[in-house]
Amino acid sequence: MNIDDVMELAPVVPVLVVEDVAHARPIAEALVAGGLRALEVTLRTPAALDVIREMAKVEGAVVGAGTVLNADQLEQAVDAGARFIVSPGLTKALGRAAITSGIPFLPGIATSADIMRGLDLGLTRFKFFPAEANGGIPALKALAAPFHTVRFCPTGGITEKTAPDWLAIPAVKCVGGSWVVGKGEPDRAAIEAAARAASALRG
C-alpha cells in the first residue's frame, strides 16, 4: 500500500484525538462500518500508541499515526502498527526516515518552499495544514498551480459543510476531518452515521 492507496480509501480521513484506549475499538469499528477505513490517530495523547495498537486489530481499518514530529516517533508508531504516517510539517530528517522505512508518508506543508523541499526528497503527496488558517481554498489553488504533479489532503478547520468545496479542487485527493468523531464517550451510532455522510461526500 502506498500513500495514494491510503488517500483513495475515502474522501475523508478522520483525524482522531483519543484520550482513553478503551474508546479505540468502538470508534474504529463505527468508522469502518460507516465507510471510512483510513484512520489518523494523532500522537497528542499519552494513550495514542496503545490506541493505534487496538484500532489496528479492527478488520478493514487502515490505521495511521498523525502529529509525528521526528524519527523516534515514526519508529514508535510503526512498531505500534501504524500503516501510514502524517506529520504537521516536513524536515529533511523526518522525510528521510519515512522514506527509508518505506511507510506511506503524508507530510504537512504550508508554502511553496515546503513543497519544493518535499519534491527534493521525492515526495509528491502532502497535507496542506492548517488549511483554513493558511488562507483556505484560494491559497491552496494558488499553491497547487505551479506543482501539477502534486496532490493534497487539506486538514485543519475543514467541516462537513465545507469539505465538498475542498474536494472539488482537482489537486485534492481527500481531506482530513476532526468533525466525524466527537469528544468523550463514543456514540457508535452517531459516529457511524457521520462516517457514512463523510464517505458519501465524493462518490
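User: Which residue does Arg-188 form a salt bridge with, and how far apart are the closest N and O atoms?

Analyst: Bear in mind that this is a predicted model. Arg-188 pairs with Glu-29. The closest N and O atoms of Arg-188 and Glu-29 sit 2.6 Å apart.

User: Where do Arg-188 and Glu-29 lie, and how many residues apart are they in sequence?

Analyst: Arg-188 belongs to helix 9 (residues 188–199), while Glu-29 is in helix 2. The salt bridge therefore ties together parts of the chain whose separation in sequence is 159 residues.

User: Is Glu-29 buried, partly exposed or exposed?

Analyst: Buried would need a relative accessible area under 20%, and exposed one over 50%. Glu-29 has 27%, so the label is partly exposed. Its partner Arg-188, at 42% relative accessibility, also counts as partly exposed.

User: What about Asp-4: which residue does Asp-4 form a salt bridge with?

Analyst: Asp-4 is in helix 1 (residues 3–7), and its partner is in strand 6, 121 residues apart. The closest N and O atoms of the two are 2.7 Å apart. At 14% relative accessibility the partner counts as buried. That partner is Arg-125.

User: How many residues separate Asp-114 and Arg-117 in helix 6, and about how many helical turns is that?

Analyst: These two form a salt bridge, with the closest N and O atoms 3.3 Å apart. Asp-114 counts as buried at 16% relative accessibility, while Arg-117, at 30%, counts as partly exposed. They are three residues apart in helix 6, so the separation is about one helical turn.

User: Which residues do salt bridges that share partners join into one network?

Analyst: The count of salt bridges comes to nine. Some of them share partners, and these join up into one network. Its members are Asp-4, Glu-8, Arg-125 and Lys-173.

User: Why do the buried residues of helix 4 line one face of the helix?

Analyst: The buried residues of helix 4 (residues 71–80) are Gln-73, Leu-74, Ala-77 and Ala-80. Looking down the helix axis, you'd find them within a limited arc, so they line one face. On the other side, Asp-72 and Asp-79 are exposed. The arc is 125°.

User: What covers the buried residues of helix 4?

Analyst: Both helices and strands pitch in here. The cover includes helix 3 (48–55), strand 3 (62–66), strand 4 (85–87) and helix 5 (92–101).

User: Which residue caps the N-terminal end of helix 4?

Analyst: Look for a side-chain oxygen 3.2 Å from the backbone nitrogen of Asp-72. Past the helix, Gly-81 comes just after and takes a positive phi of about 115°. The N-terminal cap is Asn-70.

User: Why is strand 2 largely enclosed by the rest of the structure?

Analyst: Check both faces of strand 2 (residues 38–42). Ala-38, Glu-40 and Thr-42 are buried on one side, and Leu-39 and Val-41 are buried on the other. Strand 2 is largely enclosed because the number of its residues that are buried is five of the five.

User: Which residue in strand 2 is the bridge partner of Val-15?

Analyst: Strand 1 (residues 12–16) and strand 2 run parallel, joined by two bridges. The chain gets from strand 1 to strand 2 through helix 2 (residues 24–33), in a right-handed β-α-β crossover. Val-15's bridge partner in strand 2 is Glu-40.

User: Which residue in strand 3 is the bridge partner of Glu-40?

Analyst: Strands 2 and 3 pair in the parallel sense over five bridges. Together with helix 3, they make a right-handed β-α-β unit. In strand 3, the partner of Glu-40 is Gly-64.

User: Which residue in strand 7 is the bridge partner of Phe-126?

Analyst: Strand 6 (residues 125–128) points Arg-125 and Lys-127 one way and Phe-126 and Phe-128 the other, with all of them buried. Two bridges join strand 6 to strand 7 (residues 151–152), and the two run parallel. With helix 7 (residues 136–144), they make a right-handed β-α-β unit. Phe-126's partner in strand 7 is Phe-152.

User: Which residue stands opposite Phe-128?

Analyst: Strand 5 (residues 105–109) and strand 6 run parallel, with two bridges joining them. Add helix 6 (residues 112–120) and you have a right-handed β-α-β unit. Opposite Phe-128 stands Ile-109.

Notes. Residues are numbered from 1 along each chain as its sequence is written. This is a predicted model: local features need pLDDT of at least 70, side-chain atom pairs count only at pLDDT 80 or more; totals for chains, interfaces and linings use all residues. Side-chain values use heavy atoms; hydrogens and water are left out. Buried means under 20% relative accessible area, exposed over 50%, partly exposed in between (1.4 Å probe, protein chains only). Helices (H or I, at least four residues) and strands (E, at least two) are DSSP runs, numbered from the N terminus. The arc is that of the directions from the helix axis to the C-beta atoms. Contact means heavy atoms within 4.5 Å. A polar contact is a pair of N or O atoms within 3.5 Å; within protein, one must be able to donate a hydrogen and the other to accept it, and residues adjacent in sequence count only if both atoms are side-chain atoms. Two strands pair if DSSP finds at least two bridges between them. A crossover is right-handed if, with the strands pointing away from the viewer, the path from the first strand over the helix to the second runs clockwise. A salt bridge is a side-chain nitrogen of Lys or Arg within 4 Å of a carboxyl oxygen of Asp or Glu.
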